[in-house]
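Visitor: Could you choose one part of this structure and take me through it closely? I work with coordinates every day, so please give me the cut-offs behind your terms.

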Amino acid sequence: MNPELLLPAALLAGFFGSTHCIGMCGAIVVLFEQQKSAGMRRWLRRILYNSGRLGFYVLLGAIAGSASAVIVATAGARTTLLILRLIAGILVIAIGLNLIFNWNFTRFIENAGARIWQRLAPLARHVLPVETPARALGAGFLWGALPCGLVYSAVAMAATSGSAVNGSLVMLSFWAGTLPALIFAGATAARLQRWKSMPAFRRMAGGIMIVLGLSAMGPFRQLIH
Amino acid sequence: MTLVAAPCFHCGEPVPAGISLFARLGGEDQPMCCVGCKAVAEFIAASGLSAFYEHRDNPDPQFDLTPRMGQWHHYDADDLLNRYVHVTDDLAEATIDLGGMYCTACVWLFDNALQKLPGIKSVSVNPATKRAVVGWDRNLLAFSELLAAIARVGFKPAPLAADRAADARDAEYRHALKRLIVAAAAGMQVMMFAVALYAGEMFGIEGGIERFLRIISLLVTVPIILFSARPFFASAWRGIRARSPGMDLPVSLAIGGAFVASTYATWANNGDIYFDSIAMFVLFLSAARFLEMRARHRSDDHAVALAELLPDTALRIVDGGHEIVALDRLRKDDVLSIRPGDVIPVDGDILSGKISVDESLLTGESMSIQRSMGESVHAGAMVHTGNATVRVTQTGASTSLAEIGRMLERAQADRPPVAILADRIARHFVTAVLAITTMTAITWYYIEPGRAFETALATLVVTCPCALALATPAALAAATGRLARAGFLVVRSRVLDVLTRSPIIIFDKTGTLTEGRPRVLTATRLLDTAPPANQLLDTAAAIEAASEHVLARAFPIQDQSKNNTLDEVEVVPGSGVAATIGDTAYRIGKQAFVAEQLDAYEMQSPSGHRTDVYLADATNVLARFEIGDELRADAQRTIESLREKKFRIMIASGDHEAAVAKIAARLGIAQWRANLTPQDKLALVHTLREQGELVVMVGDGINDAPVLAAADASVALDAGTALARASADAVSLGRQLGALVTAVEIAADTRRIIRQNLAWALCYNLTAVPLAVSGLLAPWMAALGMSASSLIVVLNALRLHRSKSARAAPEASGETATAGVTS
């Protein structure tokens, strides 16, 4: 429904998101690359990992989006869409506050995600070592499933998007936000990270998201005469 | 300067507070900052790639001495023990921050749990700062066992080194701020919806939209309930568990009840909703608590300022040079180099050199003080000029700086009778509130069933005795903080109470009215065959080194090279010292004491207001030392202002009559006693108390400990290094008497403010109850009234911070007061 709110918000969340993207996920890139590369070029491999990751995100986004579509269909469009919009607004504000205060409100979802991950982790032996393009894609897919509060907040946004397509788009723009940090590795990424974790930038991004969230609540004034 | 908690083993980021995750890697539990990192780390380990961690670049070599939850045994290591625990003989003492403590019921819970442990000597918990000072026998109980026991009860113990206090404070501040922001943001929305709904009621509203607005209000209230109101629920639950319901129980019942009823009404699309009242109640109550917390932190500022003084490192002198060492690594007898601009990191003795130091944060005095060879310096003193080498005598938790911090902590934990009474009243009040609410609900059910719930809700909210419970502790915290800035540490708040009830103030002349830094003015040979005067002075000094009497400090510090080894030392309190050097038995002290064993000795008349000390061997009196001890600079002014305030003043001194009479005359004090032994002084205090007088004893806190303890309240002046042993109710750290006047004035202000607060709280509760019971108050008015009354009490107590002492050392207290305000 309201892509004009969710898409930029997801992009910002992905970009400024977590200060430890590099710390946590960067290790995976390094790990993958320590292994025999079997002739694949470095950039091809990196694109493949990240495409795999995108695949998983889009899958999550589509599921979350269609869940909201089902609710809209059963509960009547007008009110439900408005409620979803309100929740989306609150969510975006919360993520904005999260950026400013470094305050992790998705911790309890992370714990649930950790349990799901434990089921998926054994699949790793099918994709490691990363020797073929297919394995690289699979490894990326699995990478997407790692428990991560940031991803869950994006999924939550997707769940307010009202349709599977919109949900997927939300996740796509979230992925695009995370890409710069994860496609580069080493010094470039670290420099980028330092710049992003400057309080001024985080506050600015948080502020933008809070404004976005508040503006999403605007239409309610039409309801109250 | 603060140490960060152990970083996440995987990503190197600091582990956030409240997270306790570990991944098992290569047989060791490594700390993790989030489940994501844990997942990756375990994934890496499971893939057999653990070598990754050895080969990667070290993310951050930041090492940390602070173990995390669940690893208590690390705290038994010497480094950490030295940092957090102060040990005297077998008794250990530590200040511990208690995460998860919300109310006085928790204090009870904590106390009970600890008393069951072996070797616990003392537990004093300050519910305001959520800290406990625990003393225990270290032979019976290890520090780690203590911490583990606290964790088992459900608190999160964090031992406080002086420099960690600020961290805990900041964390509390951030949490409270978040709760307040959420309550405010969500609360505003809910209230906007409520306005729309009220308008709709008046002008008509489409049913669908009304329902929609009600659902939205419900959704927005959820974060208020789950996040902002959590401390209230947690505190209420603990109260129930400890079977001692606190004031948060009615608060929680009101919030919870209103929410459940409103949710049901929203679901059924029928009946009143109170989301706006909930939002407002939580918002304003959180705001009052937030302000109260700020007040507490401000009272704490002095202690924090003390803690932040110390540098991280010190310059240690080793063979052939200097090395920079972390403070934690310093040991007793290390030698440090001290330069201008340094803050002295430890307690120590000056081995060589001469420095001028500013001890204003320790003593409240802004004048810098000269310290030279043989004198001691204290951690936290700032060096203005000069260089020195200093031998370490005390480090870490044993320095007088740390002792002052603990004293402040203990002072804030002390609950005077009036506070305990208010607490008990508040507790009965809670029961009464619940009873009144139930009765109101039942009565209204018969009068007008539709309004029963609303009226009961209003009653429950409006009668909560929050203001009553806050009235005294808030004022005492503010007063203690204000006085600490002036260099006057209140250890037991009874002293504030006694000072307002026109007691007799008894001064122990030596060291209290006078400078307390006597010097040997002349050394006179009394026997022609005696060694030369300067040699006699050396002998005297060597013997006096064994005594801690103020007069003993008049003698120069003994040079180690003189090789005067003492045997058979006997210190006779109030009289003198007997000791043997080589084959000669000496006695030094009062004339009567020295002459005790001499037959043919004619007592000489004393020489004016000075005090004489005599040195004798087994057969003859050898020398007389004249010791001068001038009146303190502000003694005259202090006595005058005390007299103006209608205090009766008395001198009870161990010195001889002429000296005491002279000082009494100069200060215009009519009542004085001289030649008193400590036993005499004790008897004097007992007699006065039997006559129904209140007695405040002002002494130096060291050799008059029993007398101080016998008085109704006691003040130790200039206790210096022996702070730890001072048994007084209050300690004046500075060298000025004026602090006493400040204390008297602040005590009067405090009493006034406590009375105002109690009167206001009682009036409010007594008028609000009938209004609420008779159904005149809507729940939102009740919410507003109740939170406003708490706020007023806190703000009133805060006025004590600005309270200016009219007289007494305007320059010193003026300066420190400004410093306090700007910080």
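Guide: Gladly; here is a walk around one helix, with a look at its surroundings.

This is a predicted model, in which local features need pLDDT of at least 70 and side-chain atom pairs pLDDT 80 or more, while totals for chains, interfaces and linings use all residues. Residues are numbered from 1 along each chain as its sequence is written, and chains are lettered from A and ligands numbered from 1 in the order written.

Our subject is helix 23 of chain B, residues 738-773. Its number comes from DSSP runs counted from the N terminus (helices H or I, at least four residues; strands E, at least two). Chain B has 25 helices and 28 strands in total. Chain A, by contrast, has twelve helices and zero strands.

Let's begin with the partner that follows in the numbering. Helix 24 of chain B covers residues 779-802, and its axis comes within 9 Å of the axis of helix 23 of chain B, with a crossing angle of roughly 175 degrees. (Axes are fitted to C-alpha atoms, for helices over the stretch in contact, and angles between N-to-C directions run from 0 to 180 degrees.) Because of that angle, helix 23 of chain B is roughly antiparallel to helix 24 of chain B, a label for angles over 145 degrees, with under 35 roughly parallel, 65 to 115 roughly perpendicular and the rest oblique.

Which residues of helix 23 of chain B make this contact? Among them are B:Ile746, B:Asp749, B:Ile753, B:Trp760, B:Tyr764, B:Ala768 and B:Ala772. From helix 24 of chain B come, among others, B:Ala782, B:Gly785, B:Ile792, B:Val793, B:Arg799 and B:Leu800. Contact here has C-beta atoms, placed from the backbone, within 7 Å. By class, the contact between helix 23 and helix 24 of chain B has twelve nonpolar, six polar and two charged residues. (Ala, Val, Leu, Ile, Met, Phe, Trp, Tyr, Cys and Pro are nonpolar; Asp, Glu, Lys and Arg charged; the others, Gly among them, polar.)

Another partner is helix 14 of chain B, residues 449-462, whose axis comes within 8 Å of that of helix 23 of chain B and crosses it at roughly 170 degrees. That angle makes helix 14 of chain B roughly antiparallel to helix 23 of chain B as well. On one side of the contact are B:Ala458, B:Thr459 and B:Val462 of helix 14 of chain B, and on the other B:Ala768, B:Ala772 and B:Val773 of helix 23 of chain B. The contact of helix 14 with helix 23 of chain B holds five nonpolar residues, one polar and no charged ones. B:Ala768 and B:Ala772 take part in the contact with helix 24 of chain B and in the one with helix 14 of chain B.

Now for the core. The largest nonpolar core has 241 residues, and those with the most contacts inside it are A:Ala154, B:Ile255 and B:Val461. Helix 23 of chain B gives the most to this core, with 15 residues. Such a core joins buried Ala, Val, Leu, Ile, Met, Phe, Trp, Tyr and Cys residues through C-beta atoms within 7 Å. (Buried means 20 or more other C-beta atoms within 10 Å of a residue's own, exposed 12 or fewer, partly exposed in between; C-beta atoms are placed from the backbone.) Leaving aside residues up to four places away in sequence, B:Ile255 touches B:Ile225, B:Ala229, B:Phe232, B:Ile278, B:Phe281 and B:Val282. Another core, of 23 residues, lies apart, with B:Phe555, B:Val613, B:Leu615 and B:Phe625 among them.

For context elsewhere in chain B, there is an open sheet of seven strands, ordered 16-28-27-26-17-24-25, with mixed pairing. (Strands pair when DSSP finds at least two bridges between them.) Strand 16 (488-490) and strand 25 (671-673) of chain B are the edges, each pairing on one side only, and the twist averages 20 degrees from one strand to the next. Strand 26 of chain B, residues 695-699, is largely enclosed by the rest of the structure, because five of its five residues are buried. B:Val695, B:Met697 and B:Gly699 point one way from strand 26 of chain B, and B:Val696 and B:Val698 the other. Strand 26 of chain B runs parallel to strand 17 (residues 504-507) of chain B, with four bridges, and B:Ile505 stands opposite B:Val696. Four bridges also join strand 26 of chain B to the parallel strand 27 (residues 713-717) of chain B, where B:Ala716 is the bridge partner of B:Gly699.

Across the chains, buried residues make up 48% of the 823 residues in chain B and 48% of the 225 residues of chain A.

Conventions:
Contact = placed C-beta atoms within 7 Å.
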